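Here are a few exercises to work through with the model open in your viewer. Try each one before you read its solution.

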Amino acid sequence: MSIWPRTLLWRTVLLIALLLIVAHLTWLQIFRVSEREPRAQQIAQQIVSVINLTRAALITAQPSKRLELLRDLSQDEGIQVYPAEPNEKVSPLPDLPILKLIDAELRDRLGPDTRLATSRHGIRGAWVSFRIDDDDYWVLIPRTRLERTDPLRWIGWGALVLLMALGGAFLIVARINRPLGELTRAAAQMGQGRRPPPVAEQGPAEIRTLARTFNQMAADLKRLDDERALLLAGVSHDLRTPLSRIRLGLEMLDDKGDATLKTGMVHDIGEIDAAIGQFLNFARLGEAEPVAAEGDLNALVRGVAERYARSGRAVATQLHPLPPLPLRPLMVQHLVTNLIENALRHGGPAVEVTTGRTNGCAFVEVLDRGPGIPSAEAERMLQPFTRLDSARGGSGTGLGLAIVDRIAHMHGGAVQLLPRDGGGLRARVELPIEKR
Ligand SMILES: Nc1ncnc2c1ncn2[C@@H]1O[C@H](COP(=O)(O)OP(=O)(O)OP(=O)(O)O)[C@@H](O)[C@H]1O
Ligand SMILES: [Mg+2]
């Protein structure tokens, strides 16, 4: 799994967060460097005052009172003075820029012999050496006398400001992204063959233009779809009436003519009529049927199978329990009929319909033992007016699977034309169980 987020919102938020953190750290570093010198001077100044006062007190105090004075200094001020041992070695200063600056400053003010150490005989603190006459001394100054504010407090405030900036950035990006989210949802709905209401044309100029163009496109598509459906329905309807008159006329003809010719013509008329029926079905897909919230897919499949059984074409069913799901009953019935019709016509005998449930979806599968559809052709067969055997003539309009695909999409589902184990086609439709 990659940590790079998928959505525009989180990508932008992450980028802004990185930018803010880098900017913050850079500022912190600039602050630390530019503040270092004045801070070193200030600390050195405090040390110099302590040393000068201590030295002056020791020089002016009577020798008999010196011990008492040292005890007072230690008790009241936390300042401890020790005589230096001959040839004393102290550990070298840690390699910190600020300590180097303080060291230089102290030598400058107290003389070149002054030494600074952060640890002596294992005791940590600010150790500074000074001299009275020919005697060397060490002063231990507690850190609390030298350090000003707690640096952790600054980091805490910095983190708080950073957090607030991040929160603000999130709100701003979310606000800019909201109309885009709405557009994405509407586009997804259109992809499923539904007709979403127009999206609000608001927000920054680019997004407003995008929304307006999208609405325009959706309206154009709808108009085109309506016109095509009207045309198809009109033509089909008008053809049906003369066609039924021809069939009637044919059937009333006496049997003087060629009987096989007559049967052939009746058969052809039957096929033309079926094709017109399929055109009408395709054209009417736009007239969305209301959704039954608690649809029963198994009952629909059972009903269709029984109809086939009555007309002498057995279809085996294997139905597994399914929860109620939102569906348009007539359309789904139509979908199942088209798949069974294909299995009977293009597939082989022993047609089987199964239903079941897989993660969040109900599925219906129509299986046959015919030649199947090569997987390279499966996607193309879902387009209107495409047929595998179109070059060889044969019957069918090539609309059946297109109708199945549209109905599946209208339900937020999808169609798969898969090879069946042991030969044949496995036409599988998945429909989501959750209301969308
Ligand atoms: N079960 C199947 N087995 C083998 N080929 C199939 C099967 N179902 C469909 N096909 C192939 O896919 C093509 C497209 O099917 P589709 O249902 O869209 O059209 P049609 O059956 O030819 O016509 P219509 O269903 O509109 O009367 C078919 O012409 C056929 O070549
Ligand atoms: Mg078909």
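**Exercise 1.** Find which residues Arg313 touches, not counting residues up to four places away in sequence, and decide whether Arg313 is buried, partly exposed or exposed.

*Solution.* This is a predicted model, so treat each step as a reading of a prediction. Start with the location: Arg313 sits in the loop between H8 and strand E6 (316–319). Leaving out residues up to four places away in sequence, Arg313 touches Tyr308 and Leu344. Next, count neighbours: 14 other C-beta atoms lie within 10 Å of Arg313. Buried takes 20 or more and exposed 12 or fewer, so Arg313 comes out as partly exposed. For a sense of scale, go to Gln46, 267 residues away along the chain: its C-alpha atom and that of Arg313 are 105 Å apart.

**Exercise 2.** Work out how the axes of H8 and H9 cross, and sort the residues of their contact into nonpolar, polar and charged.

*Solution.* Take helix H8 (residues 297–310) and helix H9 (residues 329–346): their axes come within 10 Å and cross at roughly 50 degrees. H8 and H9 are therefore oblique to each other. As for the hand, H8 passes H9 in a right-handed crossing. On the H8 side, the contact is made by Leu297, Leu300, Val301, Val304 and Tyr308. H9 brings Pro329, Val332, Gln333, Val336, Thr337 and Ile340. Sorted, that gives nine nonpolar, two polar and no charged residues.

**Exercise 3.** Do the same for H1 and H3: what is the angle between them, and how does their contact divide?

*Solution.* Helix H1 (residues 8–60) and helix H3 (residues 97–110) pack at about 45 degrees, with axes 9 Å apart. That makes H1 oblique to H3. The crossing is right-handed. Among the contact residues are Arg36, Glu37 and Arg39 of H1, and Glu105 and Arg109 of H3. The contact of H1 with H3 divides into 12 nonpolar, one polar and five charged residues.

**Exercise 4.** Zoom out: why is the protein chain called more spread out than a compact globule?

*Solution.* Begin with the inventory: the protein chain has 11 helices and 11 strands. Its radius of gyration is 45 Å, well over the 22 Å that the globule rule gives for 436 residues, so the chain is more spread out than a compact globule. Now add the dimensions: the C-alpha trace spans about 155 × 50 × 40 Å along its principal axes. Finally, check burial: buried residues make up 19% of the 436.

Technical notes: Residues are numbered from 1 along each chain as its sequence is written. Chains are lettered from A and ligands numbered from 1 in the order in which they are written. This is a predicted model: local features need pLDDT of at least 70, side-chain atom pairs count only at pLDDT 80 or more; totals for chains, interfaces and linings use all residues. Helices (H or I, at least four residues) and strands (E, at least two) are DSSP runs, numbered from the N terminus. The radius of gyration is taken over C-alpha atoms; the globule rule is 2.2 Å times the number of residues to the power 0.38. Axes are lines fitted to C-alpha atoms, for helices over the stretch in contact, and angles run from 0 to 180 degrees between N-to-C directions. Angles under 35 degrees count as roughly parallel, over 145 as roughly antiparallel, 65 to 115 as roughly perpendicular and the rest as oblique. A crossing is left-handed if the near helix is turned anticlockwise from the far one by less than a right angle, and right-handed if clockwise. Two residues are in contact if their C-beta atoms, placed from the backbone, lie within 7 Å. Ala, Val, Leu, Ile, Met, Phe, Trp, Tyr, Cys and Pro count as nonpolar, Asp, Glu, Lys and Arg as charged, and the others, Gly among them, as polar.
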